[in-house]
Amino acid sequence: MDSPFMETIAKGVGKAGIRVARFEFPYMRRRREIGHAGAPNPGPVLMEFWRDTIEKLGGGERLVIGGKSLGGRIASMIADESRVRGLVCLGYPFHPPGNPGQTRTRHLEKLRTPALILQGTRDAFGKPEEVGKYKLSRTIRIEWLEDGDHSFKPGARSGRTESDNLNAAIACISEFIDSL
């Protein structure tokens, strides 16, 4: 929740006048406390943690939820049932790296919640030519960040900077939320 990536996104969206609340899943807190990586909690635990967080923030009707990678994926899995106003996913893990046939998109086919997915064009978890073949709900808008990886960082020779892509992401998020 306080990685440089998330700090930049949260502060940028906040400067646009949008209130941002952040949290970390239990496995991420554990990583911080013990100092090394551990496996993520099982999906049902992560979904319940999201539900509890939504409840603590007053319910879904006024909330736009989302997250980075797994956090966004889990948010997308509970968005409809939580009746949130919108969904923002930053670097959605459409498939494991190197395995575009093993998709994580079945629930996205029927998603009713308005959604914005921001994805780097070099993201190993889903590139434009792969994602373009997936059946996704019409409520999902995908914005591609030029030459960005899973954290939107462009290649050194692209002519773009990480700030360019992060600022573009912040502008897209702010516009999307304002449109809801």
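These exercises work through the sheet, its helices and a few single residues of one predicted model.

Residues are numbered from 1 along each chain as its sequence is written, and side-chain values use heavy atoms, with hydrogens and water left out. Because the model is predicted, local features need pLDDT of at least 70 and side-chain atom pairs count only at pLDDT 80 or more, while totals for chains, interfaces and linings use all residues.

**Exercise 1. The sheet**

Task: Give the strand order of the open sheet and state which strands stand at its edges.

Solution.
- Step 1. Fix the terms. Strands (E, at least two residues) and helices (H or I, at least four) are DSSP runs, numbered from the N terminus. Two strands pair if DSSP finds at least two bridges between them.
- Step 2. Take the pairs in turn. β1 and β2 run parallel, joined by five bridges. Gly 66 has Val 88 in β2 as its bridge partner.
- Step 3. β2 (residues 86-90) and β3 (residues 115-120) are also parallel, with four bridges. Here Cys 89 has Ile 117 in β3 as its partner.
- Step 4. Six bridges connect β3 with β4 (residues 140-145), again parallel. Leu 118 is partnered by Glu 143 in β4.
- Step 5. Read off the order: β1-β2-β3-β4, four strands in an open sheet with parallel pairing. β1 (64-68) and β4 are the edges; each has a single partner strand, so one side of each lacks a neighbour in the sheet.
- Step 6. Add the twist. Direction ignored, neighbouring strands are turned by 15 degrees against each other on average.

**Exercise 2. Burial of β2 and β3**

Task: Decide for β2 and for β3 how many residues are buried, and sort them by the side they point to.

Solution.
- Step 1. Set the cut-offs: buried is under 20% relative accessible area, exposed is over 50%, and partly exposed lies in between (1.4 Å probe, protein chains only).
- Step 2. In β2, five of the five residues are buried, so the rest of the structure largely encloses this strand.
- Step 3. Split β2 by face. Gly 86, Val 88 and Leu 90 lie on one side, Leu 87 and Cys 89 on the other, and all are buried.
- Step 4. In β3, six of its six residues are buried. Ala 115, Ile 117 and Gln 119 point one way; Leu 116, Leu 118 and Gly 120 point the other way.

**Exercise 3. Two helix pairs**

Task: Describe how α1 packs with α6, and α3 with α4.

Solution.
- Step 1. Define the geometry. Axes are lines fitted to C-alpha atoms, for helices over the stretch in contact; angles run from 0 to 180 degrees between N-to-C directions. Contact means heavy atoms within 4.5 Å.
- Step 2. α1 (residues 4-15) and α6 (residues 162-179) meet at about 45 degrees, axes 9 Å apart. That makes α1 oblique to α6. The classes are roughly parallel under 35 degrees, roughly antiparallel over 145, roughly perpendicular from 65 to 115, and oblique for the rest.
- Step 3. List the contact. Phe 5, Thr 8, Ile 9, Gly 12 and Val 13 of α1 meet Leu 166, Ala 169, Ile 170, Ile 173 and Ser 174 of α6. By class there are seven nonpolar, three polar and no charged residues. Nonpolar covers Ala, Val, Leu, Ile, Met, Phe, Trp, Tyr, Cys and Pro; charged covers Asp, Glu, Lys and Arg; the others, Gly among them, are polar.
- Step 4. Turn to α3 (residues 43-56) and α4. Their angle is about 60 degrees, with axes 9 Å apart. Residues of α3 in this contact include Trp 50 and Arg 51, and those of α4 include Ile 74 and Glu 81. This contact has nine nonpolar, two polar and two charged residues.

**Exercise 4. Single residues**

Task: Locate Ser 69, Asp 147 and Ile 177, and say what marks each.

Solution.
- Step 1. Recall the background: most residues other than glycine have a negative phi.
- Step 2. Ser 69 sits in the loop between β1 and α4. Its phi is positive, near 55 degrees. Ser 69 is buried, at 16% relative accessible area.
- Step 3. Asp 147 belongs to the loop between β4 and α6. Its phi is also positive, about 60 degrees.
- Step 4. Ile 177 is in helix α6 and is buried, at 19%. Beyond its neighbours within four places in sequence, Ile 177 contacts Ile 18 and Val 64.
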